[in-house]
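Hi there,

Here is the structure I promised to pass on to you. Please have a look at it first, and then read my notes underneath.

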Amino acid sequence: MQLTRYTDYSLRVLVYLGVFPGRLVTIHEIAESYAISGNHLMKIVNKLGIWGYVHTVRGKKGGIRLARDPKEINIGDVIRHTEERFDLAECFLTESNQCPLFPSCAMENILKDGVKSFLAVLDKYTLGDVLGDRPEEMAKLFNKKTSAAKT
């Protein structure tokens, strides 16, 4: 199973904000730190705000920050919000399934069980777990990258 880039970037935004708690961060800053598109991040940040993960402040001195404590942001929930589908095989798509073995084959149920297990593991973790007890070390890594890019 592979997560979409949308999910990857959503998680990166949350990690970045968790590394710099309480501080308003700009989308441009995050985009520059990860070398990814600011336009793409704008869409992601908008959705993260709608879902209650981030708080946005408009205006010249605006930016974004986490709307909740990192320990309250469940990784499984984030993935469920950001992934549109968990269709691992054609048999998941009942309206367009062309597999001649359907519905006799048990593969669909086995794969669905795998997806449930995957999400159950992710449900055990929060953004706080991802950040661990070293957000200051992570912040230094971002600062090094930003400093190197400016020289």
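Below is what I found, going from the whole chain down to single residues.

First, how to read the notes. This is a predicted model, in which local features need pLDDT of at least 70 and side-chain atom pairs count only at pLDDT 80 or more, while totals for chains, interfaces and linings use all residues. Residues are numbered from 1 along each chain as its sequence is written, and side-chain values use heavy atoms, with hydrogens and water left out.

**The chain as a whole**

The protein chain has seven helices and two strands; these are DSSP runs numbered from the N terminus, with H or I over at least four residues for a helix and E over at least two for a strand. Along the sequence the pattern reads α-α-α-β-β-α-α-α-α. Of the 151 residues, 34% count as buried (buried is under 20% relative accessible area, exposed over 50%, partly exposed in between, using a 1.4 Å probe and protein chains only). The accessible surface comes to about 9,700 Å², and carbon and sulfur atoms hold 54% of that (Shrake-Rupley method with a 1.4 Å probe; for residues, only the protein chains shown count as cover). Among contacts with a separation of 6 or more, 63% join residues 24 or more positions apart; contact means heavy atoms within 4.5 Å.

**Helices H1 and H2**

Helix H1 covers residues 5-19. Its 15 residues should span 21 Å at 1.5 Å a residue, and its end C-alpha atoms are indeed 21 Å apart (the expected span is 1.5 Å times one less than the number of residues). The buried residues of H1 include Thr7, Tyr9, Ser10 and Leu14.

H1 packs with H2 at an angle of about 110°, the axes being 11 Å apart. Axes here are lines fitted to C-alpha atoms, for helices over the stretch in contact, and angles run from 0 to 180 degrees between N-to-C directions. The two helices are therefore roughly perpendicular to each other (65 to 115 degrees; under 35 is roughly parallel, over 145 roughly antiparallel and the rest oblique). H1 brings Arg12, Val13, Val15, Tyr16 and Leu17 to the contact, and H2 brings Glu29, Ile30, Ser33 and Tyr34.

**Residues in and after H2**

Ile27 lies in helix H2 and is partly exposed, at 22% relative accessible area. Leaving out residues up to four places away in sequence, Ile27 touches Gly38, Leu41, Met42, Val45 and Ile64. Ile64 is 37 residues along the chain from Ile27, yet their C-alpha atoms are separated by 7.6 Å.

Ala31, also placed in helix H2, is buried with a relative accessible area of 7%. With the same sequence neighbours left out, Ala31 touches Ile36, Ser37, Gly38 and Leu41.

Ala35 sits in the loop between helix H2 (27-34) and helix H3 (38-50). Ala35 is exposed, at 62% relative accessible area, and its phi is near 55°, a positive value in a residue other than glycine.

**A loop residue further along**

Asn74 is found in the loop between strand S2 (63-66) and helix H4 (75-82). At 15% relative accessibility, Asn74 counts as buried. Beyond residues up to four places away in sequence, Asn74 touches Leu122, Asp123, Tyr125 and Thr126. The C-alpha atoms of Asn74 and Leu127 are separated by 6.4 Å, with their positions 53 residues apart along the chain.

Happy to talk any of this through.

Best wishes
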